[in-house]
Amino acid sequence: MAIRPIRLFGDPVLSTPAEPVQDFDRSLRKLVKDLTETLRDVGGAGLAAPQIGVGLRVFGYNVNGQRGYLVNPSLSFPDSEEQDGEEGCLSLPGIYFDVTRRQNTVARGFTDRGDPVQLVGAAVMARCIQHETDHLDGILFIDRMDDETRKAAMRAIRQAPWSGLGPGGPPDSGPSGSPGSGTRRPAFRISPHPLLGQAR
Ligand SMILES: [Zn+2]
């Protein structure tokens with residue numbers, strides 16, 4: 001098992017659709033372990049394989065004590081109910097904005113041994129499942145925002161110390177002591193459930 005560094009917004013792996021898992025072998029089981037271990041370490045609600053630099057369709061989740069993972073998930077929606085709420089992403093630390101999602105989801109996928117499993121989610125779990133499945137399609141939550149919210153989010157990203165786009169320059173040349181400068185995982189440990197936006 002290993003804690004893997006989280007890829008940040010701007011990394012091409014985050015905008016590239018991931019490939020379906022073909023081989024349910026030892027390397028997949030290692031990926032699942034790394035993913036779930038890294039998720040536990042950073043204290044997030046969900047983490048998709050591309051976020052640790054692996055372009056395969058696998059994500060892990062940890063929502064209200066319910067934790068697990070899905071390989072090759074496919075999503076369906078049992079109804080048309082929606083939810084509005086704040087969302088965050090481990091690849092965009094500190095960025096929390098409203099995203100409209102479906103209230104209920106059914107995700108069908110596989111274990112790391114290739115056995116079929118189903119994950120039924122409502123509310124926060126449904127939000128997590130949609131967010132993580134989007135990652136596997138190269139879609140980020142900012143892509144799901146309405147135009148106005150997305151503009152505000154992009155402004156916040158440009159000012160974020162990790163983005164390298166603001167006045168502080170690239171993360172490693174930012175002023176020492178400023179939050180997040182010089183580290184790949186700023187502020188995660190005080191954010192037990194980034195999807196919930198509790199860290200603000
Ligand atoms: Zn995310």
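Me: Which residues of α3 are called exposed on the other side of the helix?

Reply: In this predicted model, they are Asp147, Glu148, Lys151 and Gln159. The word exposed requires over 50% relative accessible area, and these four residues of α3 are classed that way.

Me: The other side from what? Which residues of α3 are buried?

Reply: Thr149, Ala153 and Ile157 are the buried residues meant here. They lie on the same side of α3 because they cover an arc of only 80 degrees around its axis. The general background is that an α-helix has 3.6 residues a turn, so residues three or four places apart point the same way.

Me: What do the buried residues of α3 pack against?

Reply: They pack against β5, the strand of residues 97-102.

Me: How do you know that α3 has the span expected of a helix with 13 residues?

Reply: Helix α3, residues 147-159, reaches 19 Å from its first C-alpha to its last. The expected value at 1.5 Å a residue is 18 Å, and the span is close to that. For α2, with 14 residues, the reach is 20 Å and the expectation is also 20 Å.

Me: What makes α2 count as mostly covered?

Reply: Of its 14 residues, 12 are buried. Each of those falls under the 20% limit on relative accessible area. Among them are Met125, Cys128, Ile129 and Leu136, together with polar or charged names such as Arg127, Glu132 and Asp134. Just after α2, Gly138 takes a positive phi of about 75 degrees.

Me: Which atoms are called protein donors of the zinc ion, and on what grounds?

Reply: They are SG of Cys89, NE2 of His131 and NE2 of His135, lying 2.0 to 2.2 Å from the zinc ion. The cut-off for a donor here is 2.8 Å, so these atoms qualify. In sequence the donor residues follow the spacing C-x41-H-x3-H. Cys89 and His131 link distant parts of the chain, 42 residues apart: Cys89 is in the loop between β4 (82-87) and β5, whereas His131 is in α2 (residues 123-136). Both Cys89 and His131 are buried.

Me: Why is the sheet called open, and which strands are its edges?

Reply: Its 5 strands come in the order β1-β2-β3-β6-β7, with antiparallel pairing. The edges are β1 (46-48) and β7 (116-122), each of which pairs on one side only. From one strand to the next the twist averages 40 degrees.

Me: How do you know that β1 and β2 pair?

Reply: Two strands pair if there are at least two bridges between them. β1 and β2 (residues 58-63) have 3 bridges, in the antiparallel sense, so the condition is met. One bridge sets Leu47 against Gly60 in β2.

Me: How many bridges join β2 to β3, and how many join β3 to β6?

Reply: β2 and β3 run antiparallel and are joined by 6 bridges, with Tyr61 opposite Gly68 in β3. β3 and β6 pair over 4 bridges, also antiparallel, and there Ser74 stands opposite Arg108 in β6. Both counts satisfy the limit of at least two.

Me: What joins β2 and β3 in their hairpin?

Reply: There are 2 residues between the strands. Asn64 in that turn has a positive phi of about 50 degrees.

Me: Which strands do the helices α1 and α2 meet?

Reply: Helix α1 (residues 26-42) lies across β1, β2 and β3 (66-76), at about 35 degrees to β2. α2 packs on the sheet and touches β1, β2, β3, β6 (104-110) and β7. The direction of α2 makes about 160 degrees with that of β2.

Me: Thr111 sits in the loop between β6 and β7. Buried or exposed, and why?

Reply: Thr111 is buried, because its relative accessible area is 17% and the limit is under 20%. Leaving aside neighbours within four places in sequence, Thr111 is in contact with Phe24, Tyr69, Val71 and Val117.

Me: What share of the 200 residues in the protein chain counts as buried?

Reply: The share is 48%. The chain has 3 helices and 7 strands, running α-β-β-β-β-β-β-β-α-α from the N terminus on.

Terms used:
Residues numbered from 1 in each chain as written. Predicted model: local features only at pLDDT ≥ 70, side-chain atom pairs only at ≥ 80, totals over all residues. Heavy atoms only, no water. Donors = N, O, S within 2.8 Å, 3.2 Å for Na, K, Ca; no water. Buried < 20%, exposed > 50% of the residue type's maximum accessible area, 1.4 Å probe, protein only. Axes fitted to C-alpha atoms, helices over the stretch in contact; angles between N-to-C directions. Contact = heavy atoms within 4.5 Å. Expected span 1.5 Å × (residues − 1). Arc of directions from axis to C-beta.
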